[in-house]
Amino acid sequence: STDPALAVCSFAWRYLQSLFSTLHHIASWLRSLVLRTPTSVVDLEAQHLDQNMHTVDTIKLNLPDTPTSSLEAPSIKWLLETSTDPEVFLATASLVPHVDWPLDLDVSDTLHQLYDVYMSCLDIQWRIIPSLEEKASACTTALCHLYCGRILQGHPAYGLNGRGTSADYYEFKSMLERTKSNVNVLLATFRLLNDSSGSSWWPSPPDLGACPDFVLEWLSHTLPFHFVMGRVDEHVEELAMTVISKLLCSSSSPSPQIIANCTLLACAMVGVQFDKKDIIRVDKSSALPQLAQSLWVQFQKVPWASDGGNLDSAVRRGCHFDVICRVFDWHLPDPRPPVEIWKLGVYRKIYSRARSSERNDRNPSAPMFTVQRFRFAVDNNGYEPPRSPAWLSEHRISWQGHPHSPEDFDWLVDYLGDVCSNDHATAGDILVLLNSMSVSCSPTKQRLYIETLIACMGSSMPPRLRHAALRAAHSFREVLASIDIVDDADMVLTKLSPAILTAVCPQPGATPTDTGPDCFFYDDRDLCYLELIFALARNSQWHPYLYCHIDRAISMIAKCCSSPWMHAFYLTGIFLRTTSEEVFVTSLSSITERQWWDMTQRAWFMVLYSDVIGSAHIVEFLPILVEGTEKYMCIASESDLENLISYVDGVIRRVERRGSLEHGERATVTMKELNGVANDMLAKFSG
């Protein structure tokens, strides 16, 4: 028969190779080989504290409730306390951080055993013997993991070396001074122990530059202990933010377990209280929806509490939200926030306080930026993530006290100017906010706003920022079209038009692609682009500066004519308005009569079946569309003419139903004349 010790050893080493994938399949067999210590042994002091750990605000996660007797921990505990085989002990010790150690399982003997084995790895000069470094490292990690759990219970009433808990401080300090491979694990444990011991000694902050993923994962599991126990300073906060950032920004996608750890840690950082029995659980992934909701609820308290005057707290805590936004960027389950409108005044106050606070040693704009980014991360349409191209066009935000004056948004323009060159994500979020609310700024900030839009649309900027700037310019198009009211009009005319082109085509000479954020044609992006150019073309001052768009516009004809949206209408408008100029644009001569006819016919179809007649600018353009249609309808077939007459009749009825539309009377007269000509041409087919 197989030797049980060798079987356990083989099992443990397979775990190390496959990250615990086989442990659950073999755990029941393992328990049948060993005699476990009674699971009813409980640390009385810890039990007393645990009975009082529930408060009104404590969150109980919906995690599977597994009895201690069904867990792997009792089996591992028994092996650590009884095994005399070095390989079995080493493999088993490596399993300790990967299994649940419930609060009702007494691990006092296990801690002593791990400590004794660790001490056996030292020479007479109290240094780790080189050949035993792996064993010492495994004992250190296991010891720290179990000891942190004991501190979470309520510090154990005995010491590692039998001399009481006060000696543990010096033991961990000595371990920290002699170790090479467990520095960050020991630092976190030492910091958790440090406050309870009353000592003020604190080693240098941990360096996570080359920290193994396993250690980062372990830190994401144990750092919430610090926040729950109230043992937090700037070093712990910085460590927590760094751990979350490194885990979630890793080149490999983090597992649901890691995302859950990071989410719970982010919750703990902003004051969410959890049941200790849940915090010690290794796998919390099944509670991700609940964690996301808890994070959202806690976040809401910051701006709303700030309205009562506690802005200093909001500024300080706002710095944490950058890391919280990283968590939500991993598409957590929709927290489904209540439908409520945010207070714009609160955000402005937080911004002003942050900029004026000498105590805030971070970027003074960081609190508002990160609070705002968090808002975007959770307030999406439920279908598209905030970084997707579609989200830019679909996102909408409401604010309490609507409507606001343009002056209410001047501070956001200042924000945008501060960060557009070095924080592209935040700059993009500000532009999304302004666009989603269809607002801009006061006249005093217009020049700064336009200059910043031009910078954000530069060819070297990331696609999301360029496209967000394009949409913001689109929302600002009426002001831009009335160029005579804009300060420094020459600068705007000269620089804005080329910037709009690079926003959609950063490398004009490059071969267009069909995929990616800068693909040749994207419905939402290019509809925004064409409507913006169409609006600018209303003003003849813009015409000489829009010719740089003609070649791209011509290349879009086929795509626009097959689009179910208003692309063909705006494209036709751009061409017809620019061809009316005395300046001849050579590229326009390449448009064939068939292309002209296809565009104009499609333009009438879209006007009829799109809800755009209420726009004075659309109605104003209809006489020009009539003129262009008459010019190219000579090549129309009988069915083309029948369709055209039907479309124009429908548009006439829509305009007349609207009543006293600006430009409506003139548009109706010209459209009726067009239909008269079309009917005459149609009669020739039947005659």
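1. Let's start with a charge over a ring: in this predicted model, the charged end of Arg 577 is placed over the ring of Phe 534, 4.7 Å from its centre. Arg 552 does likewise with Tyr 529, its charged end sitting over that ring at 5.6 Å from the centre.

2. A word on the aromatic pairs, of which the count is 12. One of them joins Trp 411 and Tyr 415: with ring centres 5.5 Å apart and planes at 70 degrees, the pair is edge-to-face, because planes over 60 degrees apart fall in that class.

3. Where do Trp 411 and Tyr 415 sit along the chain? Both belong to helix H20 (residues 410-419), and being four residues apart there, they are separated by about one helical turn. Trp 411 is buried at 6% relative accessible area, and Tyr 415 is buried at 0%.

4. Back to Phe 534, which also forms an aromatic pair with Tyr 570. Here the centres are 5.2 Å apart and the planes make 55 degrees, giving a tilted pair. Phe 534 lies in helix H26 (residues 523-536) and Tyr 570 in helix H30 (residues 567-579), so this pair ties together parts that are 36 residues apart in sequence.

5. Are these two residues buried or exposed? Phe 534 counts as buried, at 3% relative accessibility, and Tyr 570 is buried too, with a relative accessible area of 6%; the cut-off for buried is under 20%.

6. One last thing you may enjoy looking at: ring pairs link Phe 534 and Tyr 570 with Phe 569 and Phe 621 into a cluster. Phe 534 is thus a good residue to finish on, as a member of that cluster and as the ring under the charged end of Arg 577.

Technical notes: Residues are numbered from 1 along each chain as its sequence is written. This is a predicted model: local features need pLDDT of at least 70, side-chain atom pairs count only at pLDDT 80 or more; totals for chains, interfaces and linings use all residues. Side-chain values use heavy atoms; hydrogens and water are left out. Rings of Phe, Tyr and Trp (its six-membered ring) pair if their centres lie within 6.5 Å; planes under 30 degrees apart count as stacked, over 60 as edge-to-face and the rest as tilted. Helices (H or I, at least four residues) and strands (E, at least two) are DSSP runs, numbered from the N terminus. Buried means under 20% relative accessible area, exposed over 50%, partly exposed in between (1.4 Å probe, protein chains only). A charge sits over a ring if NZ of Lys or CZ of Arg is within 6 Å of the ring centre and within 35 degrees of the ring normal.
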